[in-house]
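Colleague: I should be grateful for a close look at a single part of this model.

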Amino acid sequence: MTRRAVSWFLVAMLVALSPLTARAAPARPILTEASPDAWWLVTQRAPIKNSLVKSPQPWGDIRRLDLDKNIWTPVIPVTRQPISIASVDDRLAILFDDETWFFAWPGTLMQGTPLPNHLRPLALASDGSTLWFLARTGLRPPASNESEFFAPTTAQSDQLWLISYAKALFSEPILLDID
């Protein structure tokens with residue numbers, strides 16, 4: 001075989017195999033969180049061509065690496081993109097963009113209690129045993145089919161609060177004086 005024939009053969013193989021490699025694209029890490037005994041990873045699944053999808057597909061997956069045993073454990077698939085995560089004890093707290101939050105551990109996703117005083121969560125943090133929320137006041141913004149009458153005023157939505165959650169109870173919110 002000539003050098004030119006080998007080159008054309010390799011190009012043909014690359015073109016022929018490209019659809020297979022496109023479907024098998026690796027998951028993309030989106031969020032990570034570390035604790036003394038585990039590393040949590042939220043990954044987005046690679047998009048699948050619409051013609052191949054028979055039912056709704058999860059947005060991504062949560063995995064946990066046990067640092068002592070060096071073993072990855074699949075936790076649970078998620079249906080939408082999380083915006084913040086924090087590890088609390090042996091669970092992962094997950095905040096979504098619709099302001100709902102959940103606890104996840106292998107095989108389970110449990111919805112968290114809404115924050116008190118109409119606080120709206122923006123981000124999560126943890127010291128290992130206590131979950132912390134950075135939140136703001138005000139009612140949720142109006143949906144596209146609602147009137148602006150329900151929109152929060154500037155004074156309501158400009159206040160930031162810190163609130164903790166431990167042993168299924170929220171602490172008294174702390175107003176953050178940020179100018």
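Which residues of strand S10 make up its covered face, and which its uncovered one?

Modeller: This is a predicted model, in which local features need pLDDT of at least 70 and side-chain atom pairs count only at pLDDT 80 or more, while totals for chains, interfaces and linings use all residues. Residues are numbered from 1 along each chain as its sequence is written, and side-chain values use heavy atoms, without hydrogens and water.

Strand S10 (strands being DSSP runs of E, at least two residues, numbered from the N terminus) spans residues 131-136. Leu131, Phe133 and Ala135 make up its covered face, whereas Trp132, Leu134 and Arg136 belong to the uncovered one. In a regular strand the side chains alternate between the two faces of the sheet.

S10 pairs (at least two DSSP bridges between two strands) with S9, residues 120-126, through six bridges in an antiparallel arrangement. Leu124 stands opposite Phe133 of S10. The two strands form a hairpin with four residues between them, and Gly128 in this turn has a positive phi of about 110°. Six bridges also join S10 to S11, residues 160-166, again antiparallel; here Leu134 stands opposite Leu162.

From the covered face, Phe133 joins Trp101, Phe103, Tyr165 and Phe170 in one aromatic cluster. For such contacts, rings of Phe, Tyr and Trp (its six-membered ring) pair if their centres lie within 6.5 Å, with planes under 30 degrees apart counted as stacked, over 60 as edge-to-face and the rest as tilted. Within the cluster, Phe103 has Arg91 over its face, at 4.1 Å from the ring centre (the criterion being NZ of Lys or CZ of Arg within 6 Å of the ring centre and within 35 degrees of the ring normal).

Conventions. Buried < 20%, exposed > 50% of the residue type's maximum accessible area, 1.4 Å probe, protein only.
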